[in-house]
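Please open the structure in a viewer and keep the selection tool at hand. The tour below proceeds stop by stop, naming what to select and what is found there.

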Amino acid sequence: MRRGCNPRLRYALYHMARVAMQREAYFGGVYAALRAKGQRHGQALRNIGDRLLRILIAMLHDRTCYDATRSRREPVVQMG
C-alpha cells in the first residue's frame with residue numbers, strides 16, 4: 001500500500017471504485033475479468049480506481065460531464 005499519498009484521497013478512491021464495481025455493469029465486468037486473471041480484491045479495485053481517475057482527468061481536460069454510455073467497451077484485460 002502506498003503511504004506517500006493523502007489517506008483521505010486514497011480512502012475516497014477505494015470506495016469510489018468499490019461502488020462503481022457494484023453499481024455499473026461495465027466496471028463489474030472489469031472487476032470479474034481482473035479477478036479471473038488472478039488479481040486480489042484490492043488490486044482489482046486499484047485497477048478500477050486508476051481507470052476512474054483517467055476518466056476524471058479526461059473530463060476535466062475536455063470540460064465535459066460524465067456520460068456512462070460514451071466509452072463502454074468490453075473489459076480489456078491483458079493476458080499473459
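**First stop: the segment after α3**

Begin by selecting Tyr66, which counts as partly exposed at 38% relative accessibility. The model in view is a predicted one. Tyr66 belongs to the segment after α3. Add Leu56 to the selection: 10 residues separate Tyr66 and Leu56 in sequence, and their C-alpha atoms are 8.2 Å apart in space.

Select Arg63 next, which also lies in the segment after α3. Is Arg63 buried or exposed? Its relative accessible area is 80%, so Arg63 is exposed. The backbone deserves attention here as well. Most residues other than glycine have a negative phi. Arg63, a residue other than glycine, has a positive phi, near 55°.

**Second stop: the whole protein**

Now display the full chain. The protein holds three helices and zero strands, and its pattern along the sequence reads α-α-α. Of its 80 residues, 20% count as buried. The accessible surface of the protein amounts to about 6,400 Å², and carbon and sulfur atoms contribute 56% of that surface. Among contacts with a separation of 6 or more, 57% are between residues 24 or more positions apart.

The next three stops take the helices in pairs. Two packed helices are described by the angle between their axes and the distance between the axes.

**Third stop: α1 and α2**

Select residues 7-23, which form helix α1, together with α2; the two pack at an angle of about 105°, with axes 5 Å apart. An angle from 65 to 115 degrees counts as roughly perpendicular, and therefore α1 is roughly perpendicular to α2. To see where they meet, show the side chains of Ala20, Met21 and Arg23 in α1, and of Ala25, Phe27, Gly28 and Tyr31 in α2. By class, this contact of α1 with α2 comprises five nonpolar residues, one polar and one charged.

**Fourth stop: α2 and α3**

Keep α2 (residues 25-37) and add α3 (residues 41-62): their axes are 9 Å apart, and the packing angle is about 140°. This angle makes α2 oblique to α3. The crossing of α2 and α3 is right-handed. Which residues make the contact? From α2, select Tyr26, Phe27, Val30, Tyr31, Leu34 and Arg35; from α3, select His41, Ala44, Leu45, Asn47, Ile48, Arg51, Leu52 and Ile55. The residues of the contact of α2 with α3 comprise 10 nonpolar, two polar and two charged.

Before leaving this pair, select Gln39, in the loop between α2 and α3. Gln39 has a relative accessibility of 17% and therefore counts as buried, the cut-off being under 20%. Apart from neighbours within four places in sequence, Gln39 is in contact with Leu34, Ala44 and Asn47. Leu34 also appears on the α2 side of the contact just viewed, while Ala44 and Asn47 appear on the α3 side.

**Fifth stop: α1 and α3**

Hide α2 and display α1 with α3. At what angle do these axes cross? They cross at roughly 95° and come within 8 Å; α1 and α3 are therefore roughly perpendicular to each other. On α1, the contact is made by Leu13, Tyr14, Met16, Ala17, Arg18, Ala20 and Met21. On α3, the residues to select are His41, Leu45, Ile48, Gly49, Leu52 and Leu53. The contact of α1 with α3 divides into 10 nonpolar residues, two polar and one charged.

**Last stop: Leu45**

Finish by centring the view on Leu45, in helix α3. Leu45 has a relative accessible area of 2% and is therefore buried. What does Leu45 touch, not counting residues up to four places away in sequence? The residues touched are Tyr14, Ala17, Arg18, Met21 and Tyr31. Of these, Tyr14, Ala17, Arg18 and Met21 also belong to the α1 side of the contact with α3, and Tyr31 belongs to the α2 side of the contact with α3. As a final selection, add Met16: it stands 29 residues from Leu45 along the chain, and the C-alpha atoms of the two are separated by 9.2 Å.

Conventions
Residues numbered from 1 in each chain as written. Predicted model: local features only at pLDDT ≥ 70, side-chain atom pairs only at ≥ 80, totals over all residues. Heavy atoms only, no water. Axes fitted to C-alpha atoms, helices over the stretch in contact; angles between N-to-C directions. Helix = DSSP H or I, 4+ residues; strand = E, 2+ residues; numbered from the N terminus. Parallel < 35°, antiparallel > 145°, perpendicular 65-115°, else oblique. Left-handed = near helix turned anticlockwise from the far one by under 90°. Contact = heavy atoms within 4.5 Å. Nonpolar A, V, L, I, M, F, W, Y, C, P; charged D, E, K, R; others polar. Buried < 20%, exposed > 50% of the residue type's maximum accessible area, 1.4 Å probe, protein only. Areas by Shrake-Rupley, 256 points an atom, 1.4 Å probe, with all protein chains shown as cover.
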